[in-house]
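User: I have a model open and want the reasoning behind a few of its labels. Can you take me through them?

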Amino acid sequence: MLRKVVLSRLCPLLGRPAVSAASGSRREVASGVPPSGSTSPRALNIFDRELKRKQKNWAARQPEPMKFDYLKEEVGSRIADRVYDIARDFPLALDIGCGRGYIAQHLNKETVGKIFQTDIAEHALKNSVETDIPTVNILADEEFLPFQENTFDLVVSSLSLHWVNDLPRALEQIHYVLKPDGVFVGAMFGGDTLYELRCSLQLAETEREGGFSPHISPFTAVNDLGHLLGRAGFNTLTVADVEVTVTLKCCFCPISREL
């Protein structure tokens with residue numbers, strides 16, 4: 001059984017596992033989200049998934065979300081490039097945590113016959129980018145995929161899996177829904193993401209408060225991702241550590257105050 005995976009302070013992923021291939025019209029929406037408060041029984045609940053859903057919905061409702069999606073657009077295009085590097089086509093694909101469709105817009109129907117896009121945020125699905133690939137949008141949690149075994153030829157995921165509470169379970173489900181010769185390609189933030197910001201906040205808070213609290217989400221170390229993929233059942237792995245630098249310009253307006 002062949003199950004490939006590519007993971008890349010950005011960690012991209014590649015692998016192979018299943019939803020019924022029955023035809024569906026574009027923009028069809030089904031629900032696979034577990035009841036509010038549902039979690040994996042073995043998960044340490046680091047992230048409030050309901051709050052994360054609200055945050056993603058808020059972002060999707062902004063007037064011009066594309067102005068702030070440059071990183072997601074970049075990573076989505078890189079994942080699509082990885083898909084094109086594989087010398088085969090994929091009749092049925094799944095995008096986990098698709099957002100506004102950052103991967104599908106860079107793919108074509110000659111390579112992917114049909115794609116199922118899943119996300120926990122309904123407004124992200126409603127505002128997804130148009131593509132020429134037949135698309136079915138499904139409201140579903142990354143940890144609770146509503147698909148059968150051996151359904152998909154391709155599973156992709158971009159900048160979503162680092163916010164799940166039970167990453168091993170999520171990877172196991174991806175392996176479960178992939179066909180035996182399927183491919184998994186994804187990307188998530190790795191352990192050294194925002195290292196400079198993390199250090200700056202710790203130093204500043206230690207100096208002022210005598211201790212510090214975590215202000216940056218914890219991220220999985222790149223070396224650990226390979227082990228997790230192996231435990232999930234993938235046996236042909238590529239794990240890459242790719243550094244993406246984003247430069248931000250900040251403007252401060254001095255305020256004078258008379259006492």
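Analyst: Start with the surface. This is a predicted model. The accessible surface of the protein chain comes to about 13700 Å². Carbon and sulfur atoms hold 54% of that surface. The chain has 259 residues, and 46% of them count as buried. Its elements are 6 helices and 9 strands.

User: Why is Ser157 called buried?

Analyst: Buried means under 20% relative accessible area. Ser157 has 1%, so Ser157 is buried.

User: Where does Ser157 lie, and which residues does Ser157 touch?

Analyst: Ser157 sits in strand E7, residues 152-158. Leaving out residues up to four places away in sequence, Ser157 touches Ile79, Asp95, Ile96, Ile103, Phe184, Val185, Gly186 and Ala187.

User: What makes H4 oblique to H6?

Analyst: The axes of helix H4 (residues 167-177) and helix H6 (residues 222-232) cross at roughly 50 degrees and come within 8 Å. Angles under 35 degrees count as roughly parallel, and 65 to 115 as roughly perpendicular. The crossing falls in neither range, so H4 is oblique to H6. The crossing of H4 and H6 is also right-handed.

User: Which residues make the contact between H4 and H6?

Analyst: H4 supplies Leu167, Pro168, Leu171, Glu172 and His175. H6 supplies Leu225, Leu228, Leu229 and Ala232.

User: How do the residues of the contact of H4 with H6 divide into nonpolar, polar and charged?

Analyst: They divide into 7 nonpolar, 1 polar and 1 charged. Leu, Pro and Ala count as nonpolar, and Glu counts as charged. Glu172 of H4 is therefore the charged one.

Notes: Residues are numbered from 1 along each chain as its sequence is written. This is a predicted model: local features need pLDDT of at least 70, side-chain atom pairs count only at pLDDT 80 or more; totals for chains, interfaces and linings use all residues. Side-chain values use heavy atoms; hydrogens and water are left out. Axes are lines fitted to C-alpha atoms, for helices over the stretch in contact, and angles run from 0 to 180 degrees between N-to-C directions. Helices (H or I, at least four residues) and strands (E, at least two) are DSSP runs, numbered from the N terminus. Angles under 35 degrees count as roughly parallel, over 145 as roughly antiparallel, 65 to 115 as roughly perpendicular and the rest as oblique. A crossing is left-handed if the near helix is turned anticlockwise from the far one by less than a right angle, and right-handed if clockwise. Contact means heavy atoms within 4.5 Å. Buried means under 20% relative accessible area, exposed over 50%, partly exposed in between (1.4 Å probe, protein chains only). Accessible areas come from the Shrake-Rupley method with a 1.4 Å probe; for residues, only the protein chains shown count as cover.
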